[in-house]
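Here are my notes for you to read with the model open on your screen. Take the points one at a time and find each residue as you go.

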Amino acid sequence: MHRFDQDMALEKKGETAVSGRISDEWSINGNPNGGYIMALMLSSMLDQTDKKHPAIVTANYIGPARVGEDACFDVEIISRGKSFDRMQSVLTQQGKEKVRAWATFAEKHDECGDTRYERTPPTVADRDSCIPIPEFGGYTLYRNMDVRLDPACAGWFQGQLADISEHKGWIRFKDPRPMDAIALVLMADAFPPPVMSSQGMQAWVPTIEFSVNIRSVPQSSWLRACFRSRYITCGLVEEDGELWDENGTLVAISRQIAQFRNRS
């Protein structure tokens, strides 16, 4: 079994409740990656619907979840309909609410009736020219994810900051695993915050709210990615993301709102 699937294991505790341990294999500086947490919450809701295509997932991060500890996921069915099912999942640890997530599930269609792109996939340097993000310290996420930054936005590794807050590059699991919606949620949050390209590592950027819109299941193991922040105001920063497969199909778009604090 793939490491990711092992760490996604949940045990049924009631009609609409499950539990599982928060793994330390998907951490950022000792804290569980927000995409990994969202993937767990999405998984907790999947068993409650026969519509297996998660179209939209949104999470509010109320407090930091802790790695290496059990968590409970209480699922509430908000509505069921012909086209969509809507649900909520609440993650608690030691009786305290940490994250609350909502998801909209739809029937999976093999063919979409209307497809229109007003933008093309981002131009990214070839993978051999891109710079892999190494595993370091408590950043265990990069033990399992192969994330490669375009050299144009990787100067901050050596203190050379860019004029714009953008990260683009390539991503996949290091240990091959078929792509699915749950993996996309993780990958939508696996790149470093794009403000680091312009502000450096001293920036502290904890996520407040994270939303992923899943458009298609990827047909390639590598995904092309682009994440961009445009505005820092009143201690908040947004992050808009796109994930494309190698066939040029848009597979997911994301939006995060995070705190921004410059530690200097």
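1. Start with Tyr-117, which has a relative accessible area of 39%. Buried would need under 20% and exposed over 50%, so Tyr-117 lands in between and counts as partly exposed. Keep in mind that this is a predicted model.

2. Now look at who Tyr-117 sits with. Tyr-117 and Trp-244 make an aromatic pair, with 5.3 Å from centre to centre and 80° between the planes, which makes the pair edge-to-face. This pair ties together distant parts of the chain: Tyr-117 belongs to the loop between β8 and β9 (131-132), while Trp-244 is in strand β16, 127 residues apart. Is Trp-244 buried or exposed? With a relative accessibility of 3%, Trp-244 counts as buried.

3. Altogether the model has eight aromatic pairs. Another one is Trp-26 with Tyr-36: the ring centres are 6.3 Å apart and the planes meet at 25°, so this pair is stacked. Again, distant parts of the chain are linked, since Trp-26 is in the loop between β2 (17-21) and β3 (27-28) and Tyr-36 is in helix α2, ten residues apart. Both Trp-26 and Tyr-36 are buried.

4. Don't stop at the pair, though. Trp-26 and Tyr-36 belong to one aromatic cluster that also takes in Phe-4 and Phe-173. While you are looking at rings, check Trp-170 too: the charged end of Arg-127 sits over its ring, 4.8 Å from the centre.

5. Next, try strand β7 (residues 84-93). How many of its ten residues are buried? Eight of them are, so the strand is mostly covered. On one side β7 runs antiparallel to β6 (residues 70-80), joined by eight bridges, and a hairpin of three residues connects the two strands. β7 also runs antiparallel to β8 (residues 96-106), this time with ten bridges. The hairpin of β7 and β8 has two residues between the strands, and Gln-94 takes a positive phi near 50° there.

6. Met-87 is a handy residue for tracing across these strands. Met-87 in β7 is the bridge partner of Ile-77, and Met-87 also stands opposite Ala-103 in β8. As you trace, remember that side chains in a regular strand alternate between the two faces of the sheet.

7. Then there is the largest pocket, with about 980 Å³ of space. Its lining has 41 residues, and the closest to the centre are Ile-28, Asn-31, Val-205, Pro-206 and Thr-207. Several elements give two or more residues to the lining, among them α2 (34-46), β13 (207-214) and β16 (236-245). What is the lining made of? It divides into 28 nonpolar residues, nine polar and four charged.

8. Finally, there is one cavity of 30 Å³ or more. The volume of the largest cavity is about 40 Å³. Its lining consists of Lys-12, Thr-16, Ala-17, Val-18, Ser-44, Asp-47, Gln-48 and Val-75. By type, that lining comes to three nonpolar, three polar and two charged residues.

Terms used
Residues numbered from 1 in each chain as written. Predicted model: local features only at pLDDT ≥ 70, side-chain atom pairs only at ≥ 80, totals over all residues. Heavy atoms only, no water. 1 Å grid on protein atoms, 1.4 Å probe; cavity = no way out; pocket = protein on both sides within 12 Å on 5 of 7 lines; lining within 4 Å. Points joined across faces, edges and corners; volume = space filled by probe spheres on them. Helix = DSSP H or I, 4+ residues; strand = E, 2+ residues; numbered from the N terminus. Nonpolar A, V, L, I, M, F, W, Y, C, P; charged D, E, K, R; others polar. Buried < 20%, exposed > 50% of the residue type's maximum accessible area, 1.4 Å probe, protein only. Pairing = 2+ DSSP bridges. Phe/Tyr/Trp six-rings, centres within 6.5 Å; stacked < 30°, edge-to-face > 60°. Lys NZ or Arg CZ within 6 Å of the ring centre and 35° of its normal.
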